[in-house]
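Here are a few short exercises to work through with the model open beside you. Try each task before reading its solution.

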Amino acid sequence: MTDERVEVLIATADEDDASALRAALGPAAPEGVHVFERKNLGGDAATWLVLASVLAPQIPAVLTFVLALVNRNRVGVLKVGDVEITNPTPEQVERLLAERAPQAPGG
Amino acid sequence: MDEALLRTVVEAQLGRQRSWKFYDRRKPTYLNLVLAHAERRANRPVNLVWVEGGFPELFTLQGGGVTVPVFSTRYIEMSGVLRKALTIDYFDAARRSEQAGYATLRLIGEMALRLGQADLAARCLALSVLERQAWIPDLGYNDYEIPPYDEGYAAHWYFAILHEIGHAVPSPNAGIVADGMMRAAVEVAGLDPDRVHRSLQPAELRTEAVADMFAASMLLETTMMIMEDWGGDFDPKVFMGECLLTAAVVELVERCRRFVLDPAPEAVAAGAVALRIREIFIRGQIIDDLRALVSPEGPPEKVIAGALIEIHRAYVAPALRDIEPGVAAAMRQARAAEPSTTAILARLRAEATGLNPSTGQQFELRRLREPLRLSPATSPLLSELADLAESAPAWLDVVE
């Protein structure tokens, strides 16, 4: 089992989605999950940013959860390690998922 | 909180705007005086992010026990242009309306760039410099740093920052910001509180009203501190006027941002009503604070309220009326089907590369290079505009 951590950041416009993400990422993030609210001067467009250092082997599980939100068009930004996608599509998340999927032994 | 973590969050929000820093809190500046005072009152540490240039926006990141206002110098520049357009003795009404129209196009254009709406950005930015006769310099933010350090200076630089810090102040559903009061304010504005846009729902309105009231209070206290230090004579009436002017500028900037995000009439109208309701709370806070701070034994509430109403009636309302035709025309042009953006860009190219291009136009085109470079938005129309911006003479850079 590796201890490698990968930084994951997700931006969503919905507070409930941010809470769900915090709960989903929690078990995979030993140092905790940080949630920031972004508010504009006019106060009418809050965004929630969910940030965590996630254990590398847990990334596929996290991405699977994120994919469900992306399918409903609920994610504004997704950053996994060095890869950052604005308004991610399900196909883009599936590609990330495939790249991060555990390899079969000897594969 | 871990600074590396904060950096990640800030960078995720600023995208390509790499020219930013956490503001150095050790510097002996008036901004630090304001931040320290607000920090004490909010009982929460404040890490201000200073974006050099960037886009005309201001927002707060809040979480993990810290408040991070993100402040761009471009906001100071564009709000400075609008303050001039709203200053009644600056030019005649027609000229101010015209200048407000150009500023509106520029603001919508830059915000469209920021929000990834490339074609809207190309259209509005091109219109903001096309066939323009009068060029009132769009000053750099450094030009707004010079004295006098008075009521206007403080309101221009600090009100919005203080509003953002005010988001750290608890806003319980009680007193004058209770749900019932918020619903009543919406009803007075002629809307059904049960069927309104999110920005007019009690919890949303309350959060903003509380931040505004905090900002008004802190602005009064810190303006007096700054003027005492600098050696100016604080004038409560001037302060009231500057607060109302600043609220009007915030409304104009936000109107442009909403226009980009959601041009649906109901969203635009809801945003405008929300800002008008918020202004009522700002006025109330100013009245309370002036009574308590300036003259505890002085004029009664009625007299201060009367002065505020009179300042609004005599200066702010006519100024807003004067510029409204220009702002409304700019918004119509921004989304009109004709002329096409291609045609507008062709006219701009002919003008900018013709025999006698205007220096003002070349200067403004050159200044577009930075927001165009920072934006993630791309399109053939934007590329054409970027090409024109690149072809403006480089020697204009040193003029800034």
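**Exercise 1.** Find out what joins the side chains of B:Glu110 and B:Arg74 in this predicted model, and where in chain B each residue sits.

*Solution.* Start with the atoms: the two side chains meet in a salt bridge, with 2.7 Å from N to O. That falls inside the cut-off of 4 Å. Next, place the residues. B:Glu110 belongs to helix H4 (residues 93-114) and B:Arg74 to helix H3 (residues 73-85), so the pair, 36 residues apart, links distant parts of the chain. Finally, check the surroundings: B:Glu110 and B:Arg74 are both buried, meaning under 20% relative accessible area.

**Exercise 2.** Now try B:Glu254 and B:Arg257: how are the two residues placed in helix H9 of chain B?

*Solution.* First, locate the helix, which covers residues 236-261. The two residues are three apart within helix H9, so about one helical turn separates them. Their side chains form a salt bridge with an N to O distance of 2.6 Å. As a last step, look at accessibility: B:Glu254 and B:Arg257 are both buried.

**Exercise 3.** Move to chain A and decide which parts the pair A:Asp14 and A:Arg74 ties together.

*Solution.* Begin with the contact itself: A:Asp14 and A:Arg74 form a salt bridge whose closest N and O atoms are 3.3 Å apart. A:Asp14 lies in the loop between strand S1 (5-12) and helix H1 (15-25), while A:Arg74 lies in the loop between helix H2 (59-71) and strand S4 (77-80), so the bridge ties together parts of chain A that are 60 residues apart in sequence. Then compare with the cut-offs: partly exposed runs between 20% and 50%. A:Asp14, with a relative accessible area of 23%, is partly exposed, and A:Arg74 is partly exposed at 28%.

**Exercise 4.** Which residues of chains A and B are linked in a network of salt bridges?

*Solution.* From chain A, take A:Glu37 and A:Lys39. From chain B, add B:Glu204, B:Glu208, B:Asp212 and B:Arg278. Over all chains, the structure holds 33 salt bridges.

**Exercise 5.** Step back and describe chain B as a whole: how many helices and strands are there, and how compact is the chain?

*Solution.* Count the elements: chain B has 15 helices and four strands. Its radius of gyration is 21 Å, close to the 21 Å from the globule rule for 400 residues, so chain B is as compact as a globular protein of that length. Next, turn to burial: 57% of the 400 residues are buried. To finish, look at charge: chain B carries 42 positive and 54 negative side chains, and the centres of the two sets are 3 Å apart.

Terms used: Residues are numbered from 1 along each chain as its sequence is written. Chains are lettered from A and ligands numbered from 1 in the order in which they are written. This is a predicted model: local features need pLDDT of at least 70, side-chain atom pairs count only at pLDDT 80 or more; totals for chains, interfaces and linings use all residues. Side-chain values use heavy atoms; hydrogens and water are left out. The radius of gyration is taken over C-alpha atoms; the globule rule is 2.2 Å times the number of residues to the power 0.38. Buried means under 20% relative accessible area, exposed over 50%, partly exposed in between (1.4 Å probe, protein chains only). Lys and Arg count as positive and Asp and Glu as negative; His and the chain ends are not counted. The place of a charge is taken as NZ of Lys, CZ of Arg, CG of Asp or CD of Glu.
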